[in-house]
Each structure stands twice: as structure tokens, then as C-alpha cells.
Amino acid sequence: MKILACNSNRPLAEAIAEYLNIGITKGSVRRFSDMEVFVEIHENVRGEDVFVIQSTCYPTNDNLMELLITLDALKRGSARRVTAVIPYFGYARQDRKSGPRTPISAKLVANLITTAGADRVVTLDLHSGQIQGFFDIPLDNLYAAPVFTNDIRSRYENVMIVSPDVGGVVRARAIASRIDADLAIIDKRRERAGVSEVMNIIGDVRGRRCIMVDDIVDSAGTLCNAATALMNAGAVSVSAYVTHGVLSGGAVARVTSSPLEELVITDSIPATEAVKAAPNIRQITIAPLMAESIQRISEERSVSSLFD
């Protein structure tokens, strides 16, 4: 087994390699003067089981091209099996036609990854489950729930798990059942893209420590509005656990000035300096979870039993 790291999330790749007690395969990802990507693998990979770790986060298109070209380089280097480990799968929110003459970009990206030479894909908390069906190769969709539940148990009591929208109920219910907590749901109406308005809270949150659970936080408008609504409804405190901290634009400032006691994100996306400096944003690692799944895939053992 070999671990190869592209440039998007080097710290996570190093943590995974350290957990597995193996070194990172030597390689380089360079750019020509016109920003064209060039990849070179400096070790023999013939007949090897290679795992390429690359989140397709900002800059999304550059990181995606790095991944595709690396996959092609490995296949042309006669690697026995190439697995694309994509902790954050970019374009996942474009998983259906949202209107006339609009693309399903998640399917396009799935086709690109497959054509580039991936034999298997490992990812974390896909935005929607149907994306697994976009791939014609095996895909393992891991869940951050075990990492979140362990952290919640060690820090909170008398909690109520809250889904910030109706679409995230399944995810929130899974964590609520793990810690034997009650569940509440935020009913919101989105007037236009990037703007959300909280309309109603389904469930009694009065006197409870509320913890919202979601897969992606981008502009953070939904989370901050929901936190305000929960506090107005009598919640003692409001925190949030979100797998992928995209946090674009003024999201960090929005979170800092919101009623959120704490926003917990994973290192599926590397933290920016603004995120590191924010007093109420904390990052926890998914390296052991990713490393264990990689080990099991390499040894042809069950991955789903990780979540039993």
C-alpha cells in the first residue's frame, strides 16, 4: 500500500500516513507559467495499491485537475489499483437539475474521476446519498458521526440534536440515536440562493443545550439564523457540528458575531488563518477514521463495520 498526497490537504494526508505508520510516496505537483498542472511520481508504483488523498476544496477547479492528472499518472505507471480518497467532494451540491438548462455537475465530476483512472473512491459525508449512484466504480461514503458523537459525549449533557433544515433530518437523527438525545427540526424558507429565513422550530428546545448537525457550512447564514431562532425559543446554548467547513466569504466573521457558542468542523478542508483565529470555531481530525478505512480497503476487510 502507498499513500500519495496532492496539495489541497497535505496536513491531513500526513496525519493519515502517520497513523498507518507508512511514509508518503514521493511525488511532485508543479505548474507551468500558464498554471498548467504537471504531476510526476518519483517512486515505482507498478503493481501497487495506491491511495491518492485530495480534497476538492478551494480552489476547487485547480485541486480537481491535480487529482485527475495524478490518477492518470498512476494508471500509466501501472499501479495495480488506484483509490481516490476525497474527504470533501466538491460540486456535490449540484446533484440534480435545479431548473431548466442547468447541469448535474456532480455526475460530470464522477465521470471525470472514473475516466482518469480511479478504481475506487473514498469520501466523507456526501451532500446527498444519490451521488454514490453517479459512479460506475465502488464508492465508500464514510460518516463523521462516530467522531462527532464521541466529542459531544465528552463535552455536553442534557443536549437536543437539531437539524438546521428538513433535508438534514436523517443525518441529525443518526447522531441523536447514538447519544440517546431528542431531536428538533428547523423549518426554513429560502427566498433566494445564499439567503435563508428561519420560519419555525419543530420541537421544544426551552432549557436545552442545542447542537445543530449538518454536512456543509458555506456562508453560515443558515446556521447563524437558526442559532438566533433557537436562543429566542429559550435554548440555554447553541453549538454546531458540521463535517465540511467551507466557510467562504464573510462566513467566519458571521459565525464569530453569532449566538453560536461553538462551531466544530473536521479537517476534511484545511483551516484558513481566519478559522484558526476565530474564538468559537474548533477543528477536530478525521485522520484516524480515514486511515482505518484505507487500511481495511487495502486488506479487503469490511468498512461498514466501522460504523456499527
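The exercises below work through a predicted model of one protein chain, each with a solution in steps.

**Exercise 1. The chain as a whole**

Task: Describe the make-up of the protein chain, and decide how its radius of gyration compares with the globule rule for 308 residues.

Solution. Begin with the secondary structure, where the protein chain shows 9 helices and 14 strands. Next take the radius of gyration, which is 20 Å, close to the 19 Å given by the globule rule for 308 residues, so the protein chain is as compact as a globular protein of that length. Along the principal axes, the C-alpha atoms fill a box of roughly 60 × 40 × 35 Å. Then turn to burial and contacts: 53% of the 308 residues count as buried, and among the contacts between residues at least 6 apart in sequence, 62% join residues at least 24 apart. Finally look at the surface and the charges. The exposed area is about 14,100 Å², of which carbon and sulfur atoms supply 48%, while the 33 positive and 36 negative side chains form two sets whose centres lie 3 Å apart.

**Exercise 2. The annotated residues**

Task: Find where the residues that UniProt lists as "active site" and "binding site" lie in the chain, and state what surrounds the second group.

Solution. Start with the "active site", for which an unreviewed UniProt entry lists K188. This residue belongs to strand β9, which covers residues 182-192. To classify K188, compare its relative accessibility with the cut-off of 20%: the value for K188 is 19%, and so K188 counts as buried.

Continue with the "binding site", which the unreviewed UniProt entry places at H127 and D165. These positions are spread over 39 residues of sequence, yet they cluster in space, with a largest C-alpha distance of 13.1 Å.

Now place each residue in turn. H127 sits in the loop that joins β6 (120-124) to β7 (139-142), and with a relative accessible area of 32% H127 is partly exposed. When neighbours within four places in sequence are left aside, the contacts of H127 are A92, R93, D95, R171, D215 and I216. D165, for its part, sits in the loop between β8 (159-163) and α5. With the neighbours within four places again left aside, D165 is in contact with I185, I186, K188 and D214. The last step joins the two annotations, since K188, listed for "active site", is among the contacts of D165.

**Exercise 3. Buried residues and their partners**

Task: For helix α4, strand residue I53 and strand residue S237, work out what lies around the buried parts.

Solution. First take helix α4 (residues 145-155), whose buried residues are A145, P146, V147, F148, T149, D151 and I152. These buried residues pack against two helices and several strands, namely α5 (169-178) and α9 (287-298), together with β11 (209-217), β12 (237-245), β13 (262-266) and β14 (281-284).

Second, consider I53, which is found in strand β4 (residues 49-53) and is buried, with a relative accessible area of 1%. Beyond its neighbours within four places in sequence, I53 is in contact with I3, L4, A5, C6, A13, I16 and V85. I53 and L67 are 14 residues apart in sequence, and their C-alpha atoms are 8.4 Å apart in space.

Third, S237 is located in strand β12, and at 6% relative accessibility S237 counts as buried. Setting aside neighbours within four places in sequence, S237 has contacts with R208, R209, C210, M231 and E261.

**Exercise 4. Backbone details in loops**

Task: Identify the cis peptide bond and the positive phi values of A220 and L247, and locate the residues concerned.

Solution. Consider the peptide bond first: the one from Y58 to P59 is cis, with omega near -10 degrees. P59 lies in the loop between β4 and α2 (60-76). Then examine the phi angles. A220 has phi near 70 degrees, which is a positive value in a residue other than glycine, and A220 is placed in the loop between β11 and α6 (221-232). At 4% relative accessibility, A220 counts as buried. L247 has phi near 50 degrees, again a positive value in a residue other than glycine. L247 lies in the loop between β12 and α7 (251-256), and with a relative accessible area of 10% L247 is buried.

Methods
Residues numbered from 1 in each chain as written. Predicted model: local features only at pLDDT ≥ 70, side-chain atom pairs only at ≥ 80, totals over all residues. Heavy atoms only, no water. Helix = DSSP H or I, 4+ residues; strand = E, 2+ residues; numbered from the N terminus. Rg over C-alpha atoms; globule rule 2.2 N^0.38 Å. Buried < 20%, exposed > 50% of the residue type's maximum accessible area, 1.4 Å probe, protein only. Contact = heavy atoms within 4.5 Å. Areas by Shrake-Rupley, 256 points an atom, 1.4 Å probe, with all protein chains shown as cover. Lys, Arg positive; Asp, Glu negative; His and termini not counted. Charge placed at Lys NZ, Arg CZ, Asp CG, Glu CD. UniProt positions renumbered as here; feature names shortened; annotations may be inferred.
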